[in-house]
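Ready to practise reading a protein model? Keep the sequence and the picture side by side, try each task yourself, and then compare your steps with the solution.

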Amino acid sequence: MNDLGRYSRQILFSKIGKEGQLKFLNSRVAIVGVGALGTVSANHLVRSGVGYIRLIDRDVVELSNLQRQTLFNEDDAELHFPKAVAAQKRLSKINSNVTVEAVIADINLDNAEELLTGFDVIVDGTDNFITRYLINDVAVKHGIPWVHGAAVSSRGMFSVIKPGISPCYRCLFPNVPSGRGETCDTIGVLSPLTDIIGSFQAIEAMKILVGAESNPNLEQIDIWDTSFFQMDISQGKNTDCPACAHHQFDFLDRSSSLQEAYTSLCGRDTVQISFRDKREPDLVKLAEKLKRTGKVLGNTFLVRFSPNEETSIVIFKDGRVLVHGTNDVVKAKSLYSQYIGN
Ligand SMILES: [Zn+2]
């Protein structure tokens with residue numbers, strides 16, 4: 001049984017109250033991406049007593065994350081801990097009365113519906129457009145509200161997307177941006193910004209959970225210039241939107257032409273290789289083998305192999321591979337077959 005006393009300060013807030021608190025305790029939230037935005041929203045939602053939180057992230061903690069990703073520490077970076085697991089460890093010490101589930105996975109069209117359905121709210125902690133379109137497809141298809149957020153440099157934005165009520169992400173951003181946009185890996189990002197955007201996402205998620213009215217705006221903030229721009233999007237539904245008007249879910253459809261070009265990570269000299277067929281490598285054996293040709297670091301979740309200073313290859317338990325040190329897909333694949341084999 002939960003001790004409601006720990007939530008007394010938010011129960012005293014009349015728009016939440018005891019009734020709202022009980023709703024939190026019985027709610028389920030999925031957070032996609034446990035980086036700068038995801039760590040902030042997860043922290044607030046766990047402290048607020050949201051009963052079940054699923055954290056989904058494919059990456060491991062690195063030293064350059066610590067400037068803004070508030071749940072991690074130097075040990076996590078040193079050990080190359082998966083972000084979802086490091087966050088779960090930290091959060092379960094903050095509130096042991098809620099369930100935090102860590103899922104180490106790259107969310108994609110094969111697993112998105114399985115990973116994101118059965119939740120009351122989805123929170124966007126991703127750093128790329130394509131995953132947001134994917135979240136949007138699942139959310140619209142299954143009628144799940146989600147909170148979009150983005151932050152780069154000193155500029156951030158957020159909005160609430162309620163399928164059937166508000167415009168969807170594809171209504172707002174009909175054209176998929178091509179090529180490598182500005183990302184936090186190319187032009188940086190400020191920690192107070194991600195804290196602010198992640199916090200706004202958390203409060204919008206909390207409002208959805210208690211049934212309060214959501215912010216109807218696409219909010220844009222520049223924390224360096226201290227400027228705010230609100231765009232009322234409540235009338236912004238596109239009556240010809242492929243997703244919410246025609247229920248054509250291109251980002252869940254392997255045959256869609258929109259699928260092709262997005263196999264690599266953007267803007268960070270990293271290529272991800274996923275395999276259609278499921279494979280679960282024997283990480284212990286693999287680490288032993290790789291030790292002969294380079295530096296190897298491993299834990300129960302992954303093996304990180306560096307054949308030289310510039311390159312490293314991370315092999316996850318689910319068979320997924322990240323090649324760091326290049327953004328050339330062909331070169332990444334050849335490095336993989338050179339060192340790991342098929
Ligand atoms: Zn739409």
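Here are five exercises with worked solutions. Please note that this is a predicted model, in which local features need pLDDT of at least 70, side-chain atom pairs count only at pLDDT 80 or more, and totals for chains, interfaces and linings use all residues. Residues are numbered from 1 along each chain as its sequence is written, and side-chain values use heavy atoms, with hydrogens and water left out.

**Exercise 1. The whole chain**

Task: Describe the make-up and compactness of the protein chain.

Solution:
- Step 1: Start with the secondary structure, where the protein chain has 12 helices and 13 strands. These are DSSP runs, numbered from the N terminus: helices are H or I with at least four residues, and strands are E with at least two.
- Step 2: Next, take the radius of gyration, which is 20 Å and close to the 20 Å that the globule rule gives for 342 residues, so the chain is as compact as a globular protein of that length. The radius is taken over C-alpha atoms, and the rule is 2.2 Å times the number of residues to the power 0.38.
- Step 3: Finally, look at the extent: the C-alpha trace spans about 65 × 50 × 40 Å along its principal axes.

**Exercise 2. Domains**

Task: Find the domains of the protein chain and state what separates their centres.

Solution:
- Step 1: The chain is divided into domain 1 (4-251) and domain 2 (259-339), with bounds from an automatic or database domain assignment.
- Step 2: Taken over C-alpha atoms, the centres of domain 1 and domain 2 are 27 Å apart.

**Exercise 3. Inside or outside**

Task: Decide whether Leu37, Ala205 and Lys291 are buried, partly exposed or exposed.

Solution:
- Step 1: Recall the cut-offs: buried means under 20% relative accessible area, exposed over 50%, and partly exposed in between (1.4 Å probe, protein chains only).
- Step 2: Leu37, in helix H3 (residues 36-48), has a relative accessible area of 6%, so Leu37 is buried.
- Step 3: Ala205 sits in helix H10 (residues 191-210) and is buried because its relative accessible area is 0%.
- Step 4: Lys291 lies in the loop between helix H11 (283-290) and strand S10 (295-298); its relative accessibility is 49%, so Lys291 counts as partly exposed.
- Step 5: For the chain as a whole, 52% of the 342 residues count as buried.

**Exercise 4. Neighbours in space**

Task: Leaving aside neighbours within four places in sequence, list contacts of Ala205 and Leu37.

Solution:
- Step 1: Contact means heavy atoms within 4.5 Å.
- Step 2: Ala205 is in contact with Leu45, Val121, Val123 and Val147.
- Step 3: The contacts of Leu37 include Asp124, Gly149, Thr194 and Gln201.
- Step 4: Now compare sequence with space. Ala205 and Ser41 are 164 residues apart in sequence, yet their C-alpha atoms are 8.9 Å apart. For Leu37 and Tyr336, 299 residues apart along the chain, the C-alpha separation is 31 Å.

**Exercise 5. Unusual backbone angles**

Task: What is the sign of phi in Ser153 and in His247?

Solution:
- Step 1: Most residues other than glycine have a negative phi.
- Step 2: Ser153, in the loop between strand S5 (146-152) and strand S6 (155-161), has a positive phi near 55°. Its relative accessible area is 18%, so Ser153 is buried.
- Step 3: His247 also has a positive phi, about 50°, and is found in the loop between strand S8 (227-232) and strand S9 (270-273).
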